[in-house]
Amino acid sequence: MRIVRFQTGGHVHLGNEHGDGRVTLLEGDLFGTLVDSGEPVRVEKRLAPLEPRDILCIGLNYRKHAEEGKQAIPPHPVLFMKNSGTVQNPGDPILLPRRLESREVDYECELAVVIGRECRNVSREAALDHVLGYCCANDVSARDWQRQGGGGQWCRGKSFATFCPLGPVLVTRDAIPDPNALRIRTILNGEVMQDWSTGDMIFDVPTLIEFLSASTVLRPGTVILTGTPHGVGAARTPPVFLRAGDSVSIEIEGIGTLTNPVAEEQAPLLTGV
Ligand code: MG
């Protein structure tokens with residue numbers, strides 16, 4: 001099933017998007033039972049497919065991306081987090097930070113895994129049973145704050161508002177038998193910037209869930225961003241960073257295309273930091 005979350009007439013609903021583009025109303029709970037009512041609905045505004053509980057992110061998880069950043073292959077998945085206030089809807093703008101100023105905002109196409117059932121010490125073999133589904137994510141990153149402004153942590157540079165577009169749909173697990181066999185691309189203003197396969201992940205999706213749930217609890221609604229392939233803007237010569245007026249799309253095979261325009265945050269600069 002292709003689950004869309006949308007707003008119509010001031011109310012938020014879930015819908016089932018069919019192959020011909022029709023959407024029918026879903027009744028129930030995203031993490032419980034969902035029933036397709038069959039009632040056709042008009043989607044006024046598409047929203048991110050869920051409001052994540054936690055957003056866990058994996059860095060350096062594609063071999064060629066680790067190489068382009070001149071980083072060693074990590075012995076364990078590299079974990080960092082984005083706060084839930086970073087989530088942005090399909091079609092709404094990625095805002096370039098201006099209160100804290102960044103001039104190095106970058107894109108990262110990522111497969112997002114949505115946890116549907118609580119996980120604790122889940123084995124690799126059983127890991128996918130706990131997945132509700134998948135969507136596209138853009139792990140938008142302010143490289144200057146990621147590298148220099150976070151005291152060695154990446155969270156500051158990764159956690160500005162609008163820095164986690166999600167969508168355009170949540171495709172349930174049954175429709176994607178192997179999450180590590182999908183083409184994944186970033187297209188910036190019509191130009192392909194990243195074009196690779198989720199098969200290049202150093203730690204595949206089941207291994208990530210096994211690692212992230214070890215001695216820890218992953219609750220339903222946790223979203224895991226699984227890393228980005230090579231081709232990020234910061235690693236290009238010359239570097240390419242997002243500018244107001246840009247349009248950036250993340251495409252994943254079997255899921256769809258998540259597109260966001262880019263604009264400047266309307267806020268005065270915070271000086272003296
Ligand atoms: Mg990333």
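Below, a visitor and a guide talk through a predicted model, from its metal site to its pockets.

Visitor: Welcome me in with the metal: which residues coordinate the magnesium ion?
Guide: Happy to start there. The donor atoms sit at 2.0 to 2.1 Å from the magnesium ion, and in sequence the donor residues follow the spacing E-x1-E-x28-D. Two of them contribute OE atoms and the third an OD atom, and they are Glu108, Glu110 and Asp139.

Visitor: How many residues apart in sequence are the parts that Glu108 and Asp139 tie together?
Guide: Look at the loops for this one. Glu108 belongs to the loop between β10 (105-106) and β11 (109-115), while Asp139 belongs to the loop between β12 (131-138) and β13 (141-142). The pair therefore ties together parts of the chain whose separation in sequence is 31 residues.

Visitor: Are Glu108 and Asp139 buried or exposed?
Guide: The cut-off helps here: a residue counts as buried under 20% relative accessible area and as exposed over 50%. Glu108 and Asp139 fall in one class, and that class is buried.

Visitor: Which residues are linked with Glu108 and Asp139 in a network of salt bridges?
Guide: Side chains of opposite charge can pair when their charged atoms come close. A search of the whole structure finds 16 salt bridges. In the network that holds Glu108 and Asp139, the other members are Lys82, Asp106, Arg143 and Lys158.

Visitor: How far apart are the closest N and O atoms of Asp106 and Arg143?
Guide: These two link distant parts of the chain, with Asp106 in strand β10 and Arg143 in helix α2 (residues 143-147), 37 residues apart. Asp106 is buried at a relative accessible area of 0%, and Arg143 is buried too, at 5%. In their salt bridge, the closest N and O atoms are separated by 2.9 Å.

Visitor: Glu264 and Arg98 also meet in a salt bridge. Which of the two is buried?
Guide: Their N to O distance is 3.1 Å, and the pair spans 166 residues, from strand β19 (residues 256-264) to the loop between β9 (94-96) and β10. Glu264 has a relative accessible area of 34%, so Glu264 counts as partly exposed. The value for its partner is 7%, under the 20% limit, and the buried residue is Arg98.

Visitor: What N to O distance goes with the salt bridge of Arg103 and Glu101?
Guide: Neither side chain is hidden away in the buried class here: Arg103 is partly exposed at 47%, and Glu101 is partly exposed at 32%. The two side chains meet with an N to O distance of 2.4 Å.

Visitor: Let's turn to the strands. Which residue in the turn between β1 and β2 has a positive phi?
Guide: Strand β1 (residues 2-8) and strand β2 (residues 11-17) run antiparallel and share six bridges. They form a hairpin with two residues between them. In that turn, a phi of about 60 degrees belongs to Gly9.

Visitor: Which residue in β5 stands opposite Arg5?
Guide: Strand β1 pairs with β5 (residues 45-47) in the antiparallel sense, over three bridges. On the β2 side, Arg5 stands opposite Leu14. On the β5 side, the residue opposite Arg5 is Leu47.

Visitor: And what is the bridge partner of Ile3 in β14?
Guide: β1 is mostly covered, with five of its seven residues buried. Two bridges join β1 to the antiparallel strand β14 (residues 164-172). There, Ile3 is partnered by Leu170.

Visitor: Now the pockets: which element gives the most to the lining of the largest pocket?
Guide: This pocket has a volume of about 410 Å³ and 22 lining residues, with His65, Arg143, Gln146, Arg147 and Trp154 nearest its centre. The lining comprises seven nonpolar, eight polar and seven charged residues. β6 (55-59), α1 (63-68) and α2 each supply at least two residues, and the top contributor, with three residues, is α2.

Visitor: How many nonpolar residues are in the lining of the second largest pocket?
Guide: This pocket holds about 200 Å³ of space. Its lining has 15 residues, and those nearest the centre are Leu30, Gly32, Val131, Leu132 and Arg173. By class, four are polar and four are charged, and the nonpolar count is seven.

Methods: Residues numbered from 1 in each chain as written. Predicted model: local features only at pLDDT ≥ 70, side-chain atom pairs only at ≥ 80, totals over all residues. Heavy atoms only, no water. Donors = N, O, S within 2.8 Å, 3.2 Å for Na, K, Ca; no water. Helix = DSSP H or I, 4+ residues; strand = E, 2+ residues; numbered from the N terminus. Buried < 20%, exposed > 50% of the residue type's maximum accessible area, 1.4 Å probe, protein only. Salt bridge = Lys/Arg side-chain N within 4 Å of Asp/Glu carboxyl O. Pairing = 2+ DSSP bridges. 1 Å grid on protein atoms, 1.4 Å probe; cavity = no way out; pocket = protein on both sides within 12 Å on 5 of 7 lines; lining within 4 Å. Points joined across faces, edges and corners; volume = space filled by probe spheres on them. Nonpolar A, V, L, I, M, F, W, Y, C, P; charged D, E, K, R; others polar.
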